[in-house]
Amino acid sequence: MIEQSLFISKLDNLYYWNESFPRLYFGNEFCERLLPNSEELITALEFVRERGIEFTLVTPYVTEVGLKHVETLLDGLANQRPGTEVVFNDYGIFRLMGRRFSNLVPVMGRLLNKMKRGPRLMVVIDRLPETTIEYFRNSSLTVPLMREFLTEHQVKRVELDNVLQGIDLPVIGFSVSVYTPYAYVTTTRMCLTASCDAPEKEERVGIFPCKRECQKYSFGLTSQIMPVMLIRKGNTVFFENPNLPDDLGEKGVSRIVVQPEIPI
Amino acid sequence: MKLLSPVDKVEEVEPLINAGANELYCGLLTEDWHNQYIAGSINRRPGSGANFTTWGQLEECVSIAHSYTVPVFLTLNEHYYIEKQYPYIRDFIQRAENIGVDVIIIADLAVLLLLRQMKARVKIVISTGGTAFNSETVKFYQDLGASRIILPRHLTIGEICQIAGNVKGIELETFIFNSRCPNVDGFCTFHHGLADKSIDLLYRNACMLPYDVSVAVEDGNEDMPAYVSLKRQRIWELVHVDDFPCGACALWDFKQLGVKSVKIVGRGNQTSRKLADVRFLKSLLDLLSQGPAKQEFYDVARRRYQETYKRPCREYMCYYPEVMTV
């Protein structure tokens with residue numbers, strides 16, 4: 001039986017939850033500015049407690065500032081709900097969890113699974129050697145040293161995107177989640193969405209303050225060579241792939257993480 | 001502070017060192033890897049033009065560099081490799097050690113674990129692909145044997161300062177010139193070079209494609225965001241090596257922070273370009289050694305950039321644009 005989890009990045013989207021979701025993912029993978037604060041985390045925890053469902057906190061890659069923020073959230077989570085899953089997309093957060101939060105459960109996020117997602121690959125894939133195709137459908141998670149290291153450090157679950165070229169991981173010894181329908185392709189801290197409605201800042205490409213314009217605007221990027229449209233939401237580019245493989249169970253997938261909206 | 005320069009050809013080694021490079025980095029793309037994994041790079045540069053192509057060339061590079069006591073860093077920094085590739089990777093590391101390569105640059109945690117298991121004698125440098133955005137990540141790699149971390153491009157000087165203040169016993173390296181990748185290298189899953197140069201839209205990095213941009217607005221006026229986004233997207237098409245992205249002013253700040261080395265991007269660039277970049281930055285490191293005031297250094301750096309590259313400083317081509325307000 002494959003579990004369905006609901007992934008939201010803001011409390012306003014709690015309305016997407018229904019009884020088909022025995023688990024709620026909450027947080028952000030891509031931007032530390034969009035992490036929930038402690039009060040929002042408490043609200044989310046109350047929501048899952050009232051409904052008797054499981055909870056997973058999602059964390060992004062972080063600077064020193066973001067690291068402190070995450071540490072505060074983990075402090076609260078460890079006190080209120082030991083045994084809770086935390087998706088890490090930053091080996092610093094992984095190390096922090098090992099040092100200070102051994103009563104939380106580390107889950108390796110999709111940013112740390114480096115499988116290529118660029119949709120252009122589909123234009124040429126039929127012309128590539130079998131060895132190359134095998135590479136693009138696989139990941140470092142099949143390397144025994146990697147598996148042993150992660151297992152030794154209490155990682156039992158890894159998160160994957162539903163890439164267009166297909167996933168062909170041999171049974172890898174972890175529980176596996178697959179995200180749907182949005183796969184991330186790339187991310188930046190030079191956010192093009194920041195100040196995108198301020199014409200005097202049209203040439204600003206760097207790490208600058210923002211007013212969370214990402215909550216208002218998203219952009220479609222099309223190119224004659226891209227087989228699908230890319231979607232820029234905030235600082236990250238995604239594509240939509242609603243077609244889940246039929247044999248997910250055989251591939252070791254035990255959880256589907258449903259994103260009703262792009263989680264930015 | 002060291003100056004790390006790319007090198008792709010044996011005949012470049014001596015001129016680059018004479019120009020001021022005191023560390024060299026390179027890639028090696030052998031025919032057997034290329035034939036099997038054509039678009040699956042061994043080191044983020046799938047084309048032979050950005051790599052040595054034989055072990056003999058690499059050995060000669062190491063020999064010449066060592067005659068000047070300059071270390072050679074070899075890239076093995078693809079973001080991931082699969083299990084089937086490991087016999088090659090293991091052999092690659094052993095052969096690199098045997099011919100005297102000093103450092104291996106890696107991005108994949110699994111390769112770091114392999115180097116540890118092999119008790120490799122080479123120094124280990126974590127590529128920008130290792131995404132060390134904070135001190136805890138630096139310590140994660142340090143715990144596993146890394147001796148240097150190449151920090152991501154996407155950090156401000158202030159953020160680098162915070163990291164430097166919270167780590168010790170490990171070298172930090174920062175980017176200083178060329179290819180200001182618009183996306184976070186280690187989290188970018190686009191492909192580099194899916195075809196040769198004859199098929200431009202597959203050869204170019206995906207971030208540099210001329211996209212059409214449309215906007216979806218939840219409320220409000222969509223004209224301005226669409227215009228600004230398109231304008232910025234066009235800028236993104238330029239920010240690789242083509243238009244001389246530069247962080248030279250920040251050399252002054254990096255010296256204060258104890259940054260060990262600064263990196264010039266440019267594997268695959270023409271020799272003349274590599275030499276110009278090294279000379280430009282070496283002249284500024286020489287000035288820095290005389291202890292100039294910050295504003296004086298910034299002024300000279302900007303003037304020399306404009307003189308050397310015949311273009312003005314521009315915020316969107318500045319690695320550390322916070323220096324533009326000083």
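**Barrels and helix contacts in a predicted two-chain model**

Author: Strand E1 of chain A and strand E12 (residues 253-258) of chain A run parallel and are joined by four bridges. The model is a predicted one, in which local features need pLDDT of at least 70 and side-chain atom pairs count only at pLDDT 80 or more, whereas totals for chains, interfaces and linings use all residues. Residues are numbered from 1 along each chain as its sequence is written, chains are lettered from A and ligands numbered from 1 in the order in which they are written, and side-chain values use heavy atoms, without hydrogens and water.

Reader: What makes E1(A) and E12(A) a pair?

Author: Two strands pair if DSSP finds at least two bridges between them. E1(A) and E12(A) share four bridges, so the pairing condition is met. Within E12(A), Val257(A) is the bridge partner of Ser5(A).

Reader: Which strand does E1(A) join through Ser5(A) and Ile8(A)?

Author: Ser5(A) stands opposite Arg23(A) in E2(A), and Ile8(A) stands opposite Phe26(A) in E2(A). E1(A) covers residues 3-8 and E2(A) residues 23-27; the two run parallel over four bridges. Such elements are DSSP runs numbered from the N terminus, helices (H or I) having at least four residues and strands (E) at least two.

Reader: In what order do the strands of the chain A barrel run?

Author: The eight strands of this closed barrel run E1-E2-E3-E4-E5-E6-E7-E12 in chain A, with parallel pairing. On average, neighbouring strands of this sheet are turned by 30 degrees against each other, direction ignored.

Reader: Why are H1(A) and H2(A) called roughly parallel?

Author: H1(A) (residues 38-51) and H2(A) (residues 64-80) pack at an angle of about 30 degrees, and their axes are 10 Å apart. H1(A) is therefore roughly parallel to H2(A), the cut-offs being under 35 degrees for roughly parallel, over 145 for roughly antiparallel, 65 to 115 for roughly perpendicular and the rest for oblique. The axes are lines fitted to C-alpha atoms, for helices over the stretch in contact, and angles run from 0 to 180 degrees between N-to-C directions.

Reader: Which residues of H1(A) and H2(A) meet?

Author: Ser38(A), Leu41(A), Ile42(A) and Leu45(A) of H1(A) meet Thr72(A), Leu73(A), Leu77(A) and Gln80(A) of H2(A), where contact means heavy atoms within 4.5 Å. By class there are five nonpolar, three polar and no charged residues. Ala, Val, Leu, Ile, Met, Phe, Trp, Tyr, Cys and Pro count as nonpolar, Asp, Glu, Lys and Arg as charged, and the others, Gly among them, as polar.

Reader: Why are H2(A) and H3(A) called oblique?

Author: H2(A) and H3(A) (residues 91-100) pack at about 40 degrees, with axes 11 Å apart. That angle is in neither the parallel, the antiparallel nor the perpendicular range, so the two helices are oblique to each other. Their crossing is right-handed: the near helix is turned clockwise from the far one by less than a right angle, whereas anticlockwise would be left-handed. Leu67(A), Val70(A), Glu71(A), Leu74(A) and Asp75(A) in H2(A) meet Ile93(A), Leu96(A), Met97(A) and Arg100(A) in H3(A). These residues divide into six nonpolar, no polar and three charged.

Reader: What makes the bond between Thr180(A) and Pro181(A) notable?

Author: This is a cis peptide bond, with omega about -5 degrees, whereas most peptide bonds are trans. Pro181(A) is found in the loop between strand E7 (175-180) and strand E8 (182-187) of chain A.

Reader: How many strands form the closed barrel of chain B?

Author: Eight strands, with parallel pairing, run E1-E2-E3-E4-E5-E6-E7-E9 in chain B. Among the pairs, E5(B) (residues 123-126) and E6(B) (residues 148-150) are parallel over two bridges, with Ile126(B) facing its bridge partner Ile149(B) in E6(B).

Reader: Where does helix H11(B) lie?

Author: H11(B) (residues 271-288) lies across strand E1 (2-6), strand E7 (171-177) and strand E9 (261-264) of chain B, at about 175 degrees to E1(B). H11(B) also packs with H1(B) (residues 10-19) at about 20 degrees, the axes being 9 Å apart. H1(B) is therefore roughly parallel to H11(B). H1(B) passes H11(B) in a right-handed crossing.

Reader: How confident is the predictor in chain B?

Author: The mean pLDDT of chain B is 93, and 97% of its residues reach 70 or more; pLDDT is the predictor's confidence in each residue, from 0 to 100. The model scores ipTM 0.97 and pTM 0.96.
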